[in-house]
Amino acid sequence: MSGPDASAALCATGLGFRYRRRGGWALWDCGFTVPGGRITALVGRNGAGKSTLLHLAGGLLRPASGRLRVLGAVPGTPEARARVALLAQDKPLYPRFTVADTLLMGEKLNSSWDRRAAERIVREGDIPLQARVGELSPGRRTRLALALALGKRPELLLLDEPLADLDPVARGEIMAQLMAEAVERGISIVLSSHVLPELEETCDWVLVLRDGRVELNEDVEVLRASHAVLTGPAGQAGTLAAEHTVVRSRTGGRQLTALIRQRGPLRGDWHVERPGLEDILLGYLRAGEPGHRAPAERTEAAA
């Protein structure tokens, strides 16, 4: 597949989707490119459009407007289905199947099936092959669903809150397994999660959705380097807003605390700290709440 977006994991132009029954747009006029070979955090508050975007990328939904490509292909086409795996939050598995039946089904449905990889994931989870899926614990069902997803040897793995029902230990084990697979095979991963500390340790690209629009789409290291948390006299607020992008700010007495995106050198009497990814993401997610200032503009990367 050739073309400008062939090497991108996801590429969207004017992308929109509307649920007819609910009314309103779940996604509207979204334009972004997520490069291939990255582990991307898909972040947003409930209702921001994260699951909708992943279901569009997985070919389960069709856009109402605009264009979306996965690895340069149209989602849902035979080419895309062969190269993309989606692990949805509800993990659709047949409860009456045994684990062995489920893996056999994966082999029959995928021409590039990697039996050893799928069986290894099951074996490392200490899951009996003859156990019925409906009798497995949530953690074991998640491992089995992951075995199905990785067994097809995808180039792009889409994960929609896959670990939400797991305890922290199981979540850490499965996340470590995912990262090992990504490094070993060079898989592109787009991961939707509300567990922000987890993303800090694993992701190197961030796509933030806010009310169905793209707020951020950027390299993690660039985000860290360009943002700062400032503390100083509240009287400097006007100058700060004129020279930099104020993502979120609050005032207590005569003191101002602000998360900013720097647009040049800092001027004034400020105490400066460099925030982690979790602090930056929380700043964008909470912007607009009472007592906080919303972003003055969208970043260039999201435009």
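## A walk from helix pair to sheet

Let's start with two helices: helix 4 passes helix 5 in a right-handed crossing. Keep in mind as you look around that this is a predicted model.

To see the pair, select residues 115–124 for helix 4 and residues 138–151 for helix 5. Their axes lie 8 Å apart, and the packing angle is about 165 degrees. Angles over 145 degrees count as roughly antiparallel, so that is how helix 4 sits relative to helix 5.

Now show the side chains where the two helices touch. On helix 4, pick A118, I121 and V122. On helix 5, pick R143, L144, L146, A147, L150 and G151. What classes of residue make up the contact of helix 4 with helix 5? Seven are nonpolar, one is polar and one is charged.

Next stop: the sheet. Here you'll find three strands in an open sheet, ordered 2-1-4, and the pairing is antiparallel. Which strands are at the edges? Select 25–35 for strand 2 and 65–70 for strand 4; each of these pairs on one side only. Turn the view a little and look at how the strands are set: on average, neighbours in this sheet are turned by 20 degrees against each other, ignoring direction.

Then add strand 1, residues 8–18, to your selection. Strand 1 and strand 4 run antiparallel, joined by five bridges. To finish, zoom in on T13 and look across to strand 4, where R67 is its bridge partner.

Key. Residues numbered from 1 in each chain as written. Predicted model: local features only at pLDDT ≥ 70, side-chain atom pairs only at ≥ 80, totals over all residues. Heavy atoms only, no water. Axes fitted to C-alpha atoms, helices over the stretch in contact; angles between N-to-C directions. Helix = DSSP H or I, 4+ residues; strand = E, 2+ residues; numbered from the N terminus. Parallel < 35°, antiparallel > 145°, perpendicular 65-115°, else oblique. Left-handed = near helix turned anticlockwise from the far one by under 90°. Contact = heavy atoms within 4.5 Å. Nonpolar A, V, L, I, M, F, W, Y, C, P; charged D, E, K, R; others polar. Pairing = 2+ DSSP bridges.
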